[in-house]
Amino acid sequence: MDSCPQSRQNPIPLWLDLTLGMAVTLVLAMAAASLVSLPGSAVAIAVVLQGAISALVVRYWPTQEDFGWANRATLLRATLVVVLLALIPWLDQLGNWLWGYAVMALLALVLDGVDGKLARVTGNNTAFGARFDMELDALFILGLSLAVLVLGKAGPWVLALGLMRYAFVAASWFWPWLNAPLPESFRRKTVCVWQIVTLMVALLPPVPDGFATLTLATALVLLGWSFLVDIRGLYQRRYSYE
């Protein structure tokens, strides 16, 4: 049953969705730069990142179809993520505004659940939407890892939390069986949430370095274990997809 016939018969142009996304990014980045007296390069970084996301959307989205409200929620989350990334080089200058940075990260996390809910309600579950959401999660986690490193809450090893997924993708170029679909997993989702929450908590000014290091190291161990479980399962089923 088509739950959104009107939107499919009269789709909102993709360029309008992307233009609005860029406008929101620009407003958020300019507001953040103004509040803490950051250089214009912070705004430029946000615009470039949002432009890259828009280009990828244009590349992979069927242009004759409506983008859908679930994907629009993901695009809204992308505006928050790119602004968070753009501010990373100046995190040590934020002072008390670091709390605002953490709140923005929390809002991005909350929106992560909104797009999935919208997809189910509107009947717009698509492979593109799932991939869009997953890639944005990966970028978000990498950004949080960089933020924790810049703040000195953990050493360079914390980047493994953000880079492990990209290493997995790179490995799939050499071992195609890693590209096989994975079943839904409560374990995988739980580890992902723990990973994001521990990174966000580590950003908070009152959190001591020792506590941040302990929780982030635990998250890294759990993430490594989760990847190993998935890799083992994919390896055991590798001939099923040939």
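Helices are taken here as DSSP runs of H or I of at least four residues, and strands as runs of E of at least two. On this basis, in the predicted model, residues 97-114 are 94% helix and 0% strand, with the C-alpha atoms at the two ends 26 Å apart. Residues 214-235 are 100% helix and 0% strand, and there the end C-alpha atoms lie 32 Å apart. Both stretches are among those that the unreviewed UniProt entry lists under "transmembrane region", the others being residues 12-36, 42-62, 74-91 and 134-151.

The domain assignment divides the chain into domain 1, covering residues 11-124, and domain 2, covering residues 152-241. The contact between them draws on 7 residues from domain 1 and 7 residues from domain 2, while the C-alpha centres of the two domains are separated by 23 Å.

The area buried between domain 1 and domain 2 amounts to about 650 Å², and carbon and sulfur atoms contribute 91% of this area. On the side of domain 1, the greatest losses of area to domain 2 fall on Leu98, Trp99 and Leu109, which together account for 62% of what that side buries. The residues of domain 1 that touch domain 2 comprise 7 nonpolar residues, with no polar and no charged residues among them. Between the two domains, the count of salt bridges is 0, and the count of residue pairs in polar contact, with both residues at pLDDT 80 or more, is likewise 0.

Notes. Residues numbered from 1 in each chain as written. Predicted model: local features only at pLDDT ≥ 70, side-chain atom pairs only at ≥ 80, totals over all residues. Heavy atoms only, no water. UniProt positions renumbered as here; feature names shortened; annotations may be inferred. Domains from an automatic or database assignment. Contact = heavy atoms within 4.5 Å. Buried area = accessible area lost by both parts, 1.4 Å probe. Salt bridge = Lys/Arg side-chain N within 4 Å of Asp/Glu carboxyl O. Polar contact = N/O pair within 3.5 Å; in protein donor to acceptor, adjacent residues only side chain to side chain. Nonpolar A, V, L, I, M, F, W, Y, C, P; charged D, E, K, R; others polar.
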